[in-house]
Amino acid sequence: MAHVSSYQPSTAIAKWFDDRLPIVRMMHDQFNVFPMPRNLNYLWTFGGILTFCLAVQLLTGIVLAMHYVPQESMAFDSVEHIMRDVNWGWLLRYMHANGGSMFFLAVYIHIVRGMYYGSYKAPREVLWIIGVLIFLAMMATAFMGYSLVWGQMSFWAVTVITNLFSSLDSIIPGMGTTIVEWIWGGFSVGGPTLTRLYSLHYLLPFVIAGLVVLHIWALHIPGSTNPTGIEIKSKSDSVPFHPYYTIKDGFAMSMFVILFAGFVFYAPNFLGHPDNYIVADPLVTPPHIVPEWYFLPFYAILRAIPSKLLGVIAMFASIGVLLFLPWLDTSKVRSARYRPIFKWFLLAFFINAVALGYLGAKAPEGWYLTFGRLCTAYYFLFLLVIMPIIGWIEKPSAMPGSITDDVLGKKPATAKTR
Ligand code: HEM
């Protein structure tokens with residue numbers, strides 16, 4: 001959607017600056033008067049909440065890095081030093097550790113919103129793909145950050161995950177081992193591994209920030225979709241971003257901060273694993289090596305498959321497949337609100353993902369393993385088979401003629417409009 005700028009520089013200096021670098025104009029057009037659908041619900045506030053989460057992680061992380069020592073013999077103690085000796089160090093560390101969890105909570109809600117309302121559909125495919133890339137970068141960043149504490153869980157999580165590459169030995173003998181040793185910088189996880197994880201953990205959030213700029217750029221070409229999935233057709237369908245959504249996003253963010261503060265101040269270790277308060281020991285393997293909660297569904301998929309190589313492929317495929325969602329979903333109708341069959345299978349998919357998370361925390365044996373396999377099967381079956389088929393056969397329910405009609409509760413028109 002091409003917009004004619006409504007920005008009027010109010011002073012001579014502002015005009016002079018605007019002629020040279022129209023950044024204030026851009027901010028005005030993109031965030032002040034930008035036309036938004038008038039019917040967005042609170043699920044649309046999570047993009048803003050995610051931006052807030054990224055800012056919190058960057059700010060707290062940069063200050064933590066001033067005190068943290070990325071060396072094998074000092075890393076664990078430097079974290080304790082931050083907790084006990086550095087002014088407000090405990091707050092910085094708890095905010096950063098719990099901030100990671102809050103970031104994932106928000107991103108999962110953001111993704112669920114996108115899937116329910118079909119936000120990934122044309123013309124927003126690139127926006128969605130950039131989102132999936134951000135998600136991958138977030139996972140890599142969180143994994144590397146967790147390793148820096150150099151506790152038992154950090155150390156063994158790095159050992160398990162880096163060792164996954166050794167499965168490539170079953171394709172070309174020796175290739176996997178060579179790659180793993182190259183990643184480690186030695187013959188086991190150790191000092192050189194820690195240094196490179198630290199370097200990348202510092203770098204990746206800035207890559208994420210760059211991707212977020214592209215994400216919002218790609219969003220502002222078509223604009224946001226909305227719960228009806230019907231595009232803005234007339235002026236009455238939209239409201240300017242400010243003050244309507246600055247207020248709504250600000251309120252949602254405040255609620256989110258209360259939850260965040262609840263964890264930081266009242267249960268700062270609730271989401272963590274107690275073993276990570278034991279310094280890394282290469283000679284003692286913890287009885288259950290479990291990742292942080294937000295990785296559990298993918299960990300369950302990894303362990304559901306008996307072959308190591310196929311397990312690794314399935315785990316990466318479970319995220320990679322999301323890139324193709326815009327084409328796997330064959331329905332002409334965007335929002336699941338008007339998709340009577342799809343809605344229920346999608347709900348089952350979300351419950352299935354939570355079940356995978358539960359199973360990821362359990363030992364892969366007996367019924368846990370059986371359910372892990374069933375849930376893994378449904379995960380892929382839904383995305384690769386059920387979703388395309390429903391799109392072809394489903395008869396959508398009647399839709400309102402426009403966003404305004406929906407808001408005013410006018411009777412639905414036809415089932416044809418998106
Ligand atoms: C650092 C992480 C992320 C940030 C800061 C971010 C930011 C945003 C913002 C500010 C919006 C507009 C407000 C909203 O619709 O909520 C948005 C929309 C969107 N995002 Fe993200 N996002 C992130 C991750 C993701 C991920 C992981 C995905 C998907 C895999 C994704 C997919 C989308 C889609 C499809 C929209 C358009 C929604 C619509 O118009 O219905 N985003 N994002």
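Start your tour by selecting Trp 88: this residue is exposed, with 10 other C-beta atoms within 10 Å. Keep in mind as you click around that you're looking at a predicted model. Trp 88 sits in the loop between α4 (75-84) and α5. Check its backbone too: phi is near 60 degrees, a positive value in a residue that isn't glycine. Why stop for that? Because most residues other than glycine have a negative phi.

Now hop to another tryptophan, Trp 150. Look for it in the loop between α6 and α7 (152-163). Its phi is also positive, at about 60 degrees, and again this is not a glycine. Is Trp 150 buried or exposed? Trp 150 has 24 C-beta neighbours inside 10 Å, so it counts as buried.

**Two cis bonds**

Next, some peptide bonds. Most peptide bonds are trans, so zoom in on the exceptions here. Select Ala 122 and Pro 123 together: the bond from one to the other is cis, with omega near 5 degrees. Pro 123 belongs to the loop between α5 and α6.

Then pick His 242 and Pro 243. They are joined by a cis peptide bond as well, with omega about 10 degrees. Pro 243 has its place in helix α10, and that helix is your next stop.

**Where α3 meets α10**

Show residues 46-65, which make up helix α3, along with residues 241-266, which make up α10. How do these two helices cross? Their axes come within 9 Å, at an angle of roughly 55 degrees, which makes α3 oblique to α10. The crossing is right-handed.

To see who does the touching, select Gly 48, Ile 49 and Phe 52 on the α3 side, then Asp 249, Ala 252, Met 253 and Phe 256 on the α10 side. Sorted by class, this contact has five nonpolar residues, one polar and one charged.

Stay with Ala 252 for a moment, in helix α10. It has 19 other C-beta atoms within 10 Å, so it is partly exposed. Setting aside its neighbours within four places in sequence, Ala 252 is in contact with Tyr 42, Thr 45 and Ile 49. For a sense of scale, draw a distance from the C-alpha of Ala 252 to that of Ala 314: the two are 62 residues apart along the chain and separated by 36 Å.

**Over to Arg 38**

Move to Arg 38, in the loop between β1 (35-37) and α3. With 17 other C-beta atoms within 10 Å, Arg 38 is partly exposed. Which residues does Arg 38 touch, not counting those up to four places away in sequence? They are Asp 237, Ser 238, Val 239, Ile 403 and Val 407. Try another distance here: Arg 38 and Lys 395 are 357 residues apart in sequence and 27 Å apart in space, C-alpha to C-alpha.

**Last stop: the ligand**

Finally, turn to the ligand and the 28 residues around it. Which of them come nearest? Select Gly 47, Leu 50, Ser 119, Gly 131 and Ser 224 to see them. Now colour α3, α5 (89-116), α6 (125-148) and α9 (191-220), as each of these helices supplies at least two residues of the shell around the ligand. Colour the shell by class and you get 17 nonpolar residues, 10 polar and one charged.

Definitions and conventions. Residues numbered from 1 in each chain as written. Predicted model: local features only at pLDDT ≥ 70, side-chain atom pairs only at ≥ 80, totals over all residues. Axes fitted to C-alpha atoms, helices over the stretch in contact; angles between N-to-C directions. Helix = DSSP H or I, 4+ residues; strand = E, 2+ residues; numbered from the N terminus. Parallel < 35°, antiparallel > 145°, perpendicular 65-115°, else oblique. Left-handed = near helix turned anticlockwise from the far one by under 90°. Contact = placed C-beta atoms within 7 Å. Nonpolar A, V, L, I, M, F, W, Y, C, P; charged D, E, K, R; others polar. Near = placed C-beta within 6 Å. Buried ≥ 20, exposed ≤ 12 C-beta atoms within 10 Å, placed from the backbone.
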